[in-house]
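Please look at the predicted model below. This report covers how its domains meet and how its aromatic rings pair.

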2 protein chains.
Amino acid sequence: MVSKNQIKTITGLQQKKYRKLHKLFFAEGIKVVQELLNSNFELHRLFTTQDIFSELPKDKVDIITEAELKKISALATPNACLALFVVPDEKQVPENGLIVALDDIRDPGNLGTIIRLCDWFGIEHLVCSENCVDVYNPKVVQATMGSITRVNVVYTDLSDYIAKTSLPVFGTFMDGKNIYSEALPKDGIIVMGNEANGISPEIENLVTNKIAIPRFGSLQMTESLNVATAAAITLSEFRRNFESI
Amino acid sequence: MVSKNQIKTITGLQQKKYRKLHKLFFAEGIKVVQELLNSNFELHRLFTTQDIFSELPKDKVDIITEAELKKISALATPNACLALFVVPDEKQVPENGLIVALDDIRDPGNLGTIIRLCDWFGIEHLVCSENCVDVYNPKVVQATMGSITRVNVVYTDLSDYIAKTSLPVFGTFMDGKNIYSEALPKDGIIVMGNEANGISPEIENLVTNKIAIPRFGSLQMTESLNVATAAAITLSEFRRNFESI
């Protein structure tokens with residue numbers, strides 16, 4: 001049973017201001033919810049149409065109907081369960097290893113895909129500018145496919161953060177050095193820019209190493225790569241020289 | 001002015017069966033429409049709220065209102081113009097060079113992104129299984145950002161095509177050989193599989209070279225990469241050893 005108040009609270013969590021207010025976010029579907037349950041994230045409450053979470057404390061689980069799930073879900077096709085979790089505290093970002101920084105990424109699918117890429121490539125910290133889409137946006141949570149539990153995402157004044165770091169700062173630009181022939185270090189910050197405008201001039205001034213992904217073919221008409229595919233190629237290049245497991 | 005009949009025909013083109021029937025598809029927004037106008041695609045008719053296509057024959061252009069554009073558009077926020085183009089004939093796929101083959105790619109955004117990647121990496125031919133999403137689906141057309149004009153996309157019985165080719169056939173699998181240490185040729189077919197199920201068993205049997213993108217980090221919990229990011233990394237690896245322009 002879901003009360004009117006609960007419906008209002010949960011659908012409200014689709015908006016950032018209510019996630020901030022309640023310090024809660026939600027995830028949907030057995031796979032993503034199970035990944036969050038198996039992590040350090042703190043469960044607030046779980047709503048499910050199937051009694052498949054018997055290991056959880058009974059007072060945290062509500063068995064509901066499909067119709068009730070539809071009322072609280074953000075998905076076109078709700079999928080068995082919706083769980084509320086406590087928004088965790090941001091962890092401190094160390095001054096070593098590879099760190100990805102995002103300058104004004106607006107699309108939830110792109111942020112989710114980049115978190116999944118960070119997880120794949122063993123990158124534990126993602127630093128976002130304040131105007132990036134919120135990581136606890138339901139579309140981002142779903143797109144991470146559980147990777148959200150293994151990547152620390154922090155929001156900060158990006159130019160301030162980059163101005164203060166002692167790490168080399170990499171960014172992809174059309175006129176950068178060929179990423180395939182550059183020696184790429186084990187420690188550094190990799191900046192990815194906005195979907196339409198790329199890296200902002202303010203951040204560009206702070207980039208110490210401009211790199212480029214070369215284009216191939218005779219036509220050379222492609223204007224740009226999608227930010228998630230550019231991130232995939234860049235992270236792969238940074239990792240390929242080090243031992244894979 | 002857009003007639004009721006035109007509205008019916010154009011919105012019908014959101015469905016594959018009507019695109020087949022009329023041999024037409026549509027594109028929206030100045031950037032994508034301009035790229036199609038500058039290509040070999042044949043314009044059927046253009047609807048625009050701004051008189052910015054003065055180089056076009058007058059009998060092919062209709063100046064319409066924002067309200068009319070909204071009635072024919074497939075976008076949440078229509079963008080200045082919508083143009084109908086003739087679906088071109090598929091070109092023959094040669095038996096040399098790099099060719100990408102898609103086994104049951106269902107998501108329009110993924111197909112669009114992969115076409116954009118092919119364009120970037122100078123891959124001119126993309127072979128799709130019959131059950132892939134249609135390349136003239138409006139969401140695919142928009143996601144290609146114009147790259148659709150530079151990549152020949154054909155639909156065929158994929159196992160039949162792969163069974164008959166003399167080219168080596170590459171596919172990514174968890175138990176494949178490390179893509180970073182394999183010698184990758186200039187000629188070959190690269191198969192990418194379905195979003196949820198990967199490459200089908202039937203096609204897997206025809207893959208001559210199983211490759212893998214290594215995972216990094218200590219946790220090793222990430223199940224898979226999104227197909228578009230996996231394609232990005234794979235195409236980058238195939239191209240990186242050859243001279244970039």
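The domain layout comes first, then the interface, then one ring pair.

**Domains**

This is a predicted model. The domain assignment splits chain A into domain 1 (4-86) and domain 2 (98-240). The C-alpha centres of domain 1 of chain A and domain 2 of chain A are 30 Å apart.

**The interface**

Domain 1 of chain A brings 16 residues into contact with 12 residues of domain 2 of chain A. Together the two domains bury about 1200 Å². Carbon and sulfur atoms carry 65% of that area. On the domain 1 side, Arg19(A), Val32(A) and Glu35(A) supply 36% of the area buried against domain 2 of chain A. No other three residues supply as much.

Polar links also cross this interface. The table lists their counts.

| Link between domain 1 and domain 2 of chain A | Count |
|---|---|
| Salt bridges | two salt bridges |
| Polar contacts, both residues at pLDDT 80 or more | four residue pairs |

Three elements of chain A each give two or more residues to the domain 1 side: α2 (16-22), β1 (24-28) and α3 (30-37). By class, that side of domain 1 has nine nonpolar, two polar and five charged residues.

Which residue forms a salt bridge with Arg150(A)? Glu35(A) does, and the closest N and O atoms are 2.9 Å apart. Glu35(A) is also one of the three residues named above for buried area.

**Aromatic pairs**

Over all chains, the count is 12 aromatic pairs. One of them joins Phe170(A) and Phe238(A). Their ring centres lie 5.0 Å apart and their planes stand at 85 degrees, so the pair is edge-to-face. Phe170(A) sits in strand β8 (residues 169-178) of chain A. Phe238(A) sits in helix α9 (residues 227-240) of chain A. The two are 68 residues apart, so this pair links distant parts of the chain.

Note on methods: Residues are numbered from 1 along each chain as its sequence is written. Chains are lettered from A and ligands numbered from 1 in the order in which they are written. This is a predicted model: local features need pLDDT of at least 70, side-chain atom pairs count only at pLDDT 80 or more; totals for chains, interfaces and linings use all residues. Side-chain values use heavy atoms; hydrogens and water are left out. Domain bounds come from an automatic or database domain assignment. Contact means heavy atoms within 4.5 Å. Buried area is the accessible area (1.4 Å probe) that two parts lose on being put together, summed over both. A salt bridge is a side-chain nitrogen of Lys or Arg within 4 Å of a carboxyl oxygen of Asp or Glu. A polar contact is a pair of N or O atoms within 3.5 Å; within protein, one must be able to donate a hydrogen and the other to accept it, and residues adjacent in sequence count only if both atoms are side-chain atoms. Helices (H or I, at least four residues) and strands (E, at least two) are DSSP runs, numbered from the N terminus. Ala, Val, Leu, Ile, Met, Phe, Trp, Tyr, Cys and Pro count as nonpolar, Asp, Glu, Lys and Arg as charged, and the others, Gly among them, as polar. Rings of Phe, Tyr and Trp (its six-membered ring) pair if their centres lie within 6.5 Å; planes under 30 degrees apart count as stacked, over 60 as edge-to-face and the rest as tilted.
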